[in-house]
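Colleague: Could you take a close look at one part of this model for me, the nonpolar core and what is packed around it? I work with force fields all day, so please give me the cut-offs as you go.

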Amino acid sequence: MSFSAADREYMVRALRLAAQGMNTTTPNPRVGCVLVKDGAVVGEGWHERAGEAHAEVHALRNAGDAARGATAYVTLEPCSHHGRTPPCADALVAAGVARVIAAMRDPNPQVAGEGLARLTQSGIEVECGLMEDDARNLNIGFVSRMTRGRPWVRLKVAASLDGKTALMNGVSQWITGTEARRHAHAWRARSCAIMTGSGTVVDDDPSLTVRDVPCTRQPLRVVVDGDLKTPPTAKVLADHGALIYTSRSGRLPGAETVTLPAEAGKVDLLGVMTDLGRRGINELMVEGGARLNGALIKADLVDELLIYQAPVLLGDIARGMFDLPELESLGEARRLVVHERRALGSDIFLRARFA
C-alpha cells in the first residue's frame, strides 16, 4: 500500500494533535484526527480526556458540512463500540466522509478491525498503516495493556557517574540537577501511575507527584510494601490517593491495600502489573531503589529504562542502581538498545530498552 507525501504530511499533523492529549487521556489512547478536502484542512481535533468527545467527533464538529466527501486522517482506528461515547465509525459514516486513513488498528478487542470494517461496509475507502510505528509509540502503554494485560513499565534512575543512586545512609537528594529533575517530571506527567518501594518511602519520603511541569491531573501513587512498613505520616499517603501492594494482611490509613503474596514474603510483582492493567493503567513509571529495580528486571517486567547520570562520584559502598545476581561471564549480561541520548544541563539522559 502506497501513501503520498501529502498523506504523510496530514498524518504527521494528526499525530501532533494526538500528542496534545499526552498527559490527559488516560486510560484512553491519545488520538488525533485531521479532515482534508480538495487539498485543504477543513477540520481537526484530538481526544482530550476520558469521557469526553473523541478526536473524530471534534474534527467533524470543526468541519461542519465540509466534512462530506473529505478524507479523514486518524492516528488510531475509529472505535466501533458504545463506551462512554458513541462509536466514531458511525459518526464518520453519518458525516459523509469519503475516505479514512488510519495509522494503526485498535488493539482493543472491542474494536480490533471492526471499526474499519464498518467503514468499508458503508462504502468508505479505507487504508491503514501510515506511520504505524509512530502511532504505536505514542500509545505504547495502551497497546501494552490491550495486548499483554499490563502497563508499559518505565524504570527511572538518577545516578552518579559510577552508577550509585544514594549514599550508604540513604541520602540521595539531589544527585542530578534542576533540568534533569524537570525532565523526569515530564515523564511523570504522562504516566498513569508512579510506583516505588517501601524502602524509598522510609528513606526519602517522596510525594510521587508532578510538580515541575504543568499537569491537570496527578498519577496514581503506588507503593510495593511487603511488610507494611510505610509510615502513616508518609507524604505518599496524602489525600487518601495511594495504592499499597503487600504480601500480608492489614491496612494503612489513607490508602487502598491489596494483598498479593509471593514466595519468601515478597509481593507478587506480575500480580501487581496485572492488577494495575485491570485498573486502566497504561504507563507505569517506577522510581524505586536497587531491590525493587532488580526484582522487576529479574521478573522481566521492565520495558524501558530512563537513566539520568550526573558527573559526580559517590564511591563503591554507596547504593547501586540494580540489585541483580552476580554473572559468571559477560555473555550473560543483559544488553540494551539506546533509543535516546541527550545532555540536560551537566547531566546525561539515556532512554533504553532491552535488546
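Modeller: Happy to: I'll begin with the overall picture, then go into the core, and end with a buried arginine.

This is a predicted model, so local features need pLDDT of at least 70 and side-chain atom pairs count only at pLDDT 80 or more, while totals for chains, interfaces and linings use all residues. Residues are numbered from 1 along each chain as its sequence is written, and side-chain values use heavy atoms, with hydrogens and water left out.

The protein has 10 helices and 16 strands (DSSP runs numbered from the N terminus: H or I of at least four residues for helices, E of at least two for strands). Its radius of gyration is 23 Å, close to the 20 Å that the globule rule gives for 355 residues, so the protein is as compact as a globular protein of that length (the radius is taken over C-alpha atoms, and the rule is 2.2 Å times the number of residues to the power 0.38). The C-alpha trace spans about 70 × 45 × 40 Å along its principal axes. Of the 355 residues, 51% are buried (under 20% relative accessible area; exposed is over 50% and partly exposed in between, with a 1.4 Å probe and protein chains only).

Now to the part you asked about. The largest nonpolar core holds 38 residues (buried Ala, Val, Leu, Ile, Met, Phe, Trp, Tyr and Cys joined through side-chain atoms within 4.5 Å). M11, L35, V97 and V100 have the most contacts inside this core. Among the elements that each supply at least two of its residues are helix 2 (55-63), helix 3 (88-95), strand 1 (32-37), strand 3 (71-74) and strand 4 (99-102). Helix 1 gives the most, with 6 residues.

V97 shows the packing well. Leaving out residues up to four places away in sequence, V97 touches L35, L60, A67, G69, A70, A72, L92 and I124 (contact means heavy atoms within 4.5 Å).

One of those partners, A72, belongs to strand 3, where both faces are covered: T71 and Y73 on one side and A72 and V74 on the other are all buried. Strand 3 pairs with strand 1 in the antiparallel sense over 4 bridges (pairing needs at least two DSSP bridges between the strands). Here V36 has T71 as its bridge partner. Strand 3 also runs parallel to strand 4, joined by 4 bridges, and there T71 stands opposite R99.

Apart from this core lies another one, of 29 residues, including V222, V224, V272 and M321.

Finally, the arginine: R150 sits in the loop between helix 6 (140-148) and strand 6 (152-160). R150 is buried yet has no salt bridge, and the nearest side chain of opposite charge, D303, is 4.2 Å away (a salt bridge is a side-chain nitrogen of Lys or Arg within 4 Å of a carboxyl oxygen of Asp or Glu; Lys and Arg count as positive, Asp and Glu as negative, and His and the chain ends are not counted). Beyond its neighbours within four places in sequence, R150 is in contact with residues including S144, R145, L270, D300 and D303. Two of these, S144 and R145, are among the buried residues of helix 6, and what covers the buried residues of that helix includes helix 5, strand 6 and helix 9 (269-278).
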